[in-house]
Amino acid sequence: MRLIWTLLFALASGVAFAALPEDDYIAARDKAISDIAGLESSNAQVETLDVANTKALADLEKRLSAILGPLAVKDFPATGTINLESLSASDIGFGMLDGLRYAKSDEGPSIVATTRGLAERWLQSKADEDDESLRLPTGLGDALKLDAFYTQAIGADAAFVKTLDFSLKKPEGANMAIAQLGGWTQDVGPIYDQQVVVAVVKGDRVLIAEAPASPPVPKIAACEALWTAADAAAQKFQEAYQGSDLKDQQAYDSANAVWEKGDADYRACMGERLPGDPAFPALLAQAQQLADHMAGK
């Protein structure tokens, strides 16, 4: 009996020890956020804040590197940089997904890697957002299907807007693989520089790849026509609003409503028609290849 209890204690201790690096990371991150908030409250100089932010991010990057180890995905570097852009709640790039970003250049493909535990903790922190549009489900599988996940997890100053979902063959060994075609934008209307975004969950690892669509997503005349007509109608309402010295609220609201509907109609059209375009098989193949490489093929 003593042997059994000894073994159980050892196993329990091993589990606790395995969780410590993530716990330590979260504690260090939260302390850094609190310290920087304190500096801001005391009206510290911008230079002081920048130094504190840079030092804390470097420490967190080191901790994440120890947790994640080297990346082993074809065509990507083994070492990464921290995905967080700022630890100040007043900055753009605050609150992004805890993980490392791997890329050979700023313009090319990238992967953000994290652990399932860190991803689930991050989702939990987003479940109670005051802004309903920012609220995310706590389940990883559900969250990975949403534009809002990518906007908050790997974006900083723009929103991710999906064009369509790719139907992938789940790579061997992966728990899930989800792929989308979409783009980053700060406004409504067509996004011509689109990205293939693929998320793979394998064991304890969550990998999110983003790569410029290759070939570029073609313009489809019928979809362009929908947006052009909507934009023209919205512009008339906008002109009326401008002509009223910005007092005609109804004209302002009507312009935005027409633009938003035109945007939704345009994306629905692209989602319906793009799979029949000659460029689509190559885009699907690009998504599948990213998923396969992240799964270790």
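## A tour of the salt bridges and of helix α1

Select Glu 120, which is partly exposed at a relative accessibility of 35%. The model on display is a predicted one. From Glu 120, extend the selection to Arg 116: the two residues form a salt bridge, and their closest N and O atoms are 3.3 Å apart. Both belong to helix α3, which covers residues 116-126, and their spacing of 4 residues amounts to about one helical turn. Arg 116 is likewise partly exposed, with a relative accessibility of 25%.

Before continuing, colour the chain by pLDDT. The mean for the protein chain is 93, and 94% of the residues reach 70 or more. Residues 1-18 stand apart from this picture: their pLDDT is below 50, and the stretch has 0 contacts in the model beyond near neighbours in sequence. Where pLDDT is low, the predicted coordinates should not be read in detail.

Move next to helix α1, residues 2-41, and display Lys 31 and Asp 35, which are 4 residues apart in this helix, about one turn. Their side chains meet in a salt bridge with an N to O distance of 2.8 Å. Which of the accessibility classes applies to Lys 31? Lys 31 is exposed, because its relative accessibility of 52% lies over the 50% cut-off. Asp 35, at 38%, is partly exposed.

Remain in helix α1 and select Ala 28. Is this residue buried or exposed? Ala 28 is buried, since its relative accessible area of 16% is under the 20% limit. Now show its surroundings. Leaving aside residues up to four places away in sequence, Ala 28 touches Asp 59, Leu 60 and Arg 63. For Asp 59, draw a distance between C-alpha atoms: Ala 28 and Asp 59 are separated by 31 residues in sequence and by 8.6 Å in space.

Next, select Arg 29, Asp 30 and Asp 98 together. These three residues are linked in a network of salt bridges.

For the last stop, go to Asp 204 and Arg 205, whose side chains meet in a salt bridge at 3.0 Å, N to O. Asp 204 is partly exposed at 40% relative accessibility, and Arg 205 is partly exposed as well, with a relative accessible area of 27%.

To search for further pairs, apply the criterion of a Lys or Arg side-chain nitrogen within 4 Å of an Asp or Glu carboxyl oxygen. The count by this rule is 11 salt bridges, including the pairs Glu 120 with Arg 116, Asp 35 with Lys 31 and Arg 205 with Asp 204.

Note on methods
Residues numbered from 1 in each chain as written. Predicted model: local features only at pLDDT ≥ 70, side-chain atom pairs only at ≥ 80, totals over all residues. Heavy atoms only, no water. Helix = DSSP H or I, 4+ residues; strand = E, 2+ residues; numbered from the N terminus. Buried < 20%, exposed > 50% of the residue type's maximum accessible area, 1.4 Å probe, protein only. pLDDT = per-residue confidence, 0-100. Contact = heavy atoms within 4.5 Å.
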